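Here is a short report for someone meeting this structure for the first time. Look at the sequence and the model, then read on.

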Amino acid sequence: MPSEPLEADLVDRLVRYGLGQGEARCYVAMLAPRAFKVGEVARKASLPRSRSYELIRSLVRSGLCSEVAGGRVARFRAAPPNEAIGRLEAFLAEQERHRTAALATILGGLESRESGAATGVGDEPVQTLRRSDQVFGAYERLLDVAREEVVSAVAMPWTPVPRPSQRHRIDAGVRMRAVHERAVCGSRAHREFVGRFAGQGVDTRVVDRVSAQFSVFDRRLSILHLTRPRMGSRLHESLLINHAGLGQTLHQAFECLWERATPFDEALRQANGPGRTGDGPDPRASRHRARRGREGRFVGRD
């Protein structure tokens, strides 16, 4: 087993190659010539057992560890570091190819369009959405055609507008997940809105900040919001993109957010801790956010 400084260096290196912190810590915890139980990995990685199991399964899907057959208790063995790094390098190269193809498609689609009036879900690779009714209409249609999973990264500020229940889509087997900014916990209207959908089965977590706001439907169709609309404005600058490469890239970005996010219920308990009521001023009116330029164009990732 590597020493602690070497462990930290390896974790940092794995993170640079695209793994989340939790995945990297679980992988390093399994670096020994034997198989490990989930509980052993959790203790070494200083992570909850349930969370460790989820992260180990992610490593299995990535080919960075394998489940050892036999026995009544699941055991897992990590792939050698050089093999793991090689697989991550190959994955990053593939992601870069997807990203390059996606950007070329977006640029080509934008150059070929003269207006943003179309809002249907057709074969066009890129459609521009410039009004709130176009955005809401696109969401409703994409939710109706989704068959596997919908993920959303949502940044403040936004207006809680009554929306139809998604229980029927969840009951049909569509997994729905959302990551919100922690500021939603400070506004009663936002808490109730998010909590209502969480109660319908939308798996919800929060992070301190969401840098890019988007939704991905079945890892192919994406709605990417280029700017944060001003409160009360019906104008948007969003793109509806039909491209698997970009969809997979945005989905991976969502997974990175998801891994370090806090479950919504836990975030509410933290917001309502000792000396806090959780009923602070509406985050939409926050001058601090205005000073940070939250109305501006999105750049980079969280």
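## Surface and overall build

How much accessible surface does the protein have, and what share of it belongs to carbon and sulfur atoms? The accessible surface comes to about 15800 Å², and 52% of it belongs to carbon and sulfur atoms. Accessible areas come from the Shrake-Rupley method with a 1.4 Å probe, and for residues only the protein chains shown count as cover.

This is a predicted model: local features need pLDDT of at least 70, side-chain atom pairs count only at pLDDT 80 or more, and totals for chains, interfaces and linings use all residues. Residues are numbered from 1 along each chain as its sequence is written, and side-chain values use heavy atoms, with hydrogens and water left out.

The protein has 302 residues, of which 46% count as buried (under 20% relative accessible area; exposed is over 50%, partly exposed in between; 1.4 Å probe, protein chains only). It holds eleven helices and eleven strands. These are DSSP runs numbered from the N terminus: helices are H or I with at least four residues, strands are E with at least two. Take the contacts (heavy atoms within 4.5 Å) with a separation of 6 or more: 70% of them join residues 24 or more positions apart.

## A three-stranded sheet

One open sheet has three strands in the order β1-β3-β2, with antiparallel pairing (two strands pair if DSSP finds at least two bridges between them). β1 (36-37) and β2 (65-68) stand at the edges with a single partner strand each, so one side of each has no neighbour in the sheet.

Two bridges join β1 to β3 (residues 75-78). Here F36 stands opposite F76. R34 lies over the face of F36, at 4.0 Å from the ring centre. A charge sits over a ring if NZ of Lys or CZ of Arg is within 6 Å of the ring centre and within 35 degrees of the ring normal.

Helix α4 (residues 49-61) lies across β2 and β3 and runs at about 105 degrees to β2. Axes are lines fitted to C-alpha atoms, for helices over the stretch in contact; angles run from 0 to 180 degrees between N-to-C directions.

## Aromatic pairs

How many aromatic pairs does a search of the whole structure find? There are four. Rings of Phe, Tyr and Trp (its six-membered ring) pair if their centres lie within 6.5 Å; planes under 30 degrees apart count as stacked, over 60 as edge-to-face and the rest as tilted.

F193 and F197 form a tilted pair, 5.2 Å centre to centre, with 45 degrees between the planes. Both lie in helix α8 (residues 188-200), four residues apart. Both are buried. Ring pairs link them with W158 into a cluster.
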